[in-house]
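Subject: Structure handover and notes

Dear colleague,

I am handing over the structure we spoke about, so that you can open it while you read. Please keep the sequence and the 3D view side by side as you go through my notes.

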Amino acid sequence: MSRDINNKYWDEELETLPREELEKRQLADLQEIVKFAYDHAPYYKRSFDEAGVKPEDIKTLKDIQKFPFINKTTQRDTQGVGSFLGELAAVPEEDVVFISTSSGSTGVPTMSPFTKKDFDEFQDTESRWFWQIGMRPNDRYVHALNFSLYVGGPDVIGAQNLGALCIWGGTLPSERLLFVLKTYQPTVIWTSPSYAWQLGEKALKSGIDPKKDLNIKKIIVAGELGGSIDATRKAIEDIWGAEVYDFYGLSDIFGACAAMCEAKDGLHIAENHILVETVDIHTGEVLEPGQVGELVFTTLRKHARPLIRFRTGDIGRIDTTKCSCGRTHGRIHILGRKDDMFIVSAVNVFPSDIEAVVREHKGITGEYLIRIFEKDFTNKYAVEIEKSADNPNSDDEVAAEVTAALKARIGVKPARVVVHPDGGLNTRSEHKSKRVIDERNLDYNI
Ligand SMILES: [Zn+2]
């Protein structure tokens with residue numbers, strides 16, 4: 001590795017391309033991939049023909065708007081049809097070297113195939129993100145993400161290719177992981193935000209002060225929204241005395257779609273790989289950059305299974321202005337999953353907004369559980385929290401304070417705030433926590 005470790009960019013030319021040049025490259029890749037998809041993936045041939053569009057119709061980036069959307073259901077319906085890889089795949093199976101699969105938490109797991117080139121480019125992008133947050137060859141890195149099937153597993157190879165000393169931690173039990181952190185003194189770790197926070201708490205309870213006894217300088221989080229919530233990131237940073245960065249990947253594409261830089265103002269998206277659109281959640285109408293809507297991605301370089309206008313189900317906005325770090329690739333700001341959003345009194349409520357309030361509020365532990373339910377044919381929500389052991393206020397006082405804070409932030413107050421004692425909520429699960437319970441169509445005793 002002959003890279004200058006003092007250069008802040010992994011690939012300076014690519015990362016600082018003037019937008020005009022970046023968009024020129026995007027257009028050339030878009031034209032190529034849409035044609036490749038049409039010529040080789042049976043699904044695209046059929047759907048483009050039905051929509052009356054042809055690859056040659058793409059003369060500018062905006063022309064992608066003429067093409068039909070696909071979504072998770074398209075993947076499920078075409079998987080295994082005609083061949084093992086299905087009708088969205090555009091290469092024969094012998095060209096595929098790796099598949100990852102989705103968790104299947106919302107239905108049949110979908111698989112994402114990679115050619116060798118797709119996989120190498122995925123890892124090069126991951127190296128770029130690691131470099132972007134300051135990882136260098138002299139870092140020791142613990143990859144504490146699931147390795148089984150999950151697209152975030154192979155991200156560790158990006159750190160290894162960068163030259164860091166890598167420890168393939170996987171989903172170790174917390175005692176064992178703390179042992180690794182204490183014994184090997186790694187400087188960077190990647191895990192889920194809820195687990196990063198809980199691991200810090202567990203360390204303190206077992207007599208290890210993460211700030212003094214461990215050497216973690218940077219924490220990467222992904223897989224849940226917490227890393228994009230300032231209050232959650234701050235809570236994790238306070239426990240660890242480390243910088244926290246949010247990364248974003250999709251099992252449908254790869255584990256390296258977007259990542260924060262030192263400015264922590266949104267996540268830079270790899271625009272050389274992904275063309276981003278934002279569309280109205282209900283109508284699919286394309287929105288202007290900066291407007292909040294569903295993020296729609298077109299993969300520009302992934303040949304095993306190109307995704308043309310894939311509705312991600314994530315709600316957010318894109319900012320294409322130049323970042324203070326000097327990078328020109330746009331930044332996405334993610335608000336939450338479309339499926340997680342619920343509507344109360346005509347207001348869109350994201351669990352992430354509730355989390356932000358609970359994490360910012362003093363005198364409570366930051367643990368929470370949200371219940372969504374129906375009462376008198378309308379949606380309501382309740383929030384359960386834990387009062388900190390040293391908070392002298394009564395439960396009623398704490399509930400009133402949190403109710404007011406939620407009303408101020410979200411616009412609609414919760415039907416109820418339930419206060420538990422410290423440690424009273426069963427939400428401290430390892431690695432990924434379930435914090436939203438949808439009880440709609442059940443009656444709730446309020
Ligand atoms: Zn930046």
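What follows is a short account of what was found, going from the domains to single residues.

Please bear in mind that this is a predicted model. The protein is divided into two parts, with domain 1 covering residues 1–337 and domain 2 covering residues 342–438. The centres of the two domains, taken over C-alpha atoms, are separated by 30 Å. Where they meet, 16 residues of domain 1 are in contact with 13 residues of domain 2. On the domain 1 side, the elements that give two or more residues to this contact are α8 (193–205), α10 (230–240) and β13. Sorted by class, that side of domain 1 has six nonpolar residues, nine polar residues and one charged residue.

The strand β13, which spans residues 331–337, leads us to its neighbour β12, since these two strands pair in the antiparallel sense over six bridges. One pair you can look for is arginine 317, whose bridge partner in β13 is histidine 333. Strand β12 (residues 310–319) also pairs with β11 (residues 293–299), again in the antiparallel sense, this time over four bridges. Here the residue to find is glutamate 294, which has isoleucine 315 of β12 as its bridge partner. Strand β12 is mostly covered, and eight of its 10 residues are buried.

In the loop between β11 and β12 you will find arginine 309, which has a positive phi of about 55° although it is not a glycine. This deserves a second look because most residues other than glycine have a negative phi. Is arginine 309 buried or exposed? It counts as buried, because it has 20 C-beta neighbours inside 10 Å, and 20 is the number from which a residue is called buried.

Leucine 149 is another residue other than glycine with a positive phi, in this case near 70°, and its place is in the loop between β3 (140–143) and α6 (155–162). Leucine 149 counts as partly exposed, because it has 15 C-beta neighbours inside 10 Å.

The helix I would look at with some care is α12 (residues 395–410), which has 16 residues and reaches 22 Å from its first C-alpha to its last, close to the 22 Å expected at 1.5 Å a residue. Within α12, the residues Val398, Val402 and Leu406 are buried. They lie on the same side of α12, because they cover an arc of only 65° around the axis. On the other side of the helix, Asp396 and Ala408 are exposed. The buried residues of α12 are covered by elements including α11 (351–360), β16 (364–375), β17 (378–387) and β18 (416–420). After α12 comes glycine 411, whose phi is positive, near 105°.

Finally, threonine 74 is found in helix α4 (residues 72–78). Threonine 74 is buried, because it has 20 other C-beta atoms within 10 Å. You may also wish to compare the sequence with the 3D view here, where threonine 74 and glutamate 87 are 13 residues apart in sequence and 9.6 Å apart in space, C-alpha to C-alpha.

With best wishes

Notes:
Residues are numbered from 1 along each chain as its sequence is written. This is a predicted model: local features need pLDDT of at least 70, side-chain atom pairs count only at pLDDT 80 or more; totals for chains, interfaces and linings use all residues. A residue is buried if 20 or more other C-beta atoms lie within 10 Å of its own, exposed if 12 or fewer, and partly exposed in between; C-beta atoms are placed from the backbone. Two strands pair if DSSP finds at least two bridges between them. Domain bounds come from an automatic or database domain assignment. Two residues are in contact if their C-beta atoms, placed from the backbone, lie within 7 Å. Ala, Val, Leu, Ile, Met, Phe, Trp, Tyr, Cys and Pro count as nonpolar, Asp, Glu, Lys and Arg as charged, and the others, Gly among them, as polar. The expected span of a helix is 1.5 Å times one less than its number of residues. The arc is that of the directions from the helix axis to the C-beta atoms.
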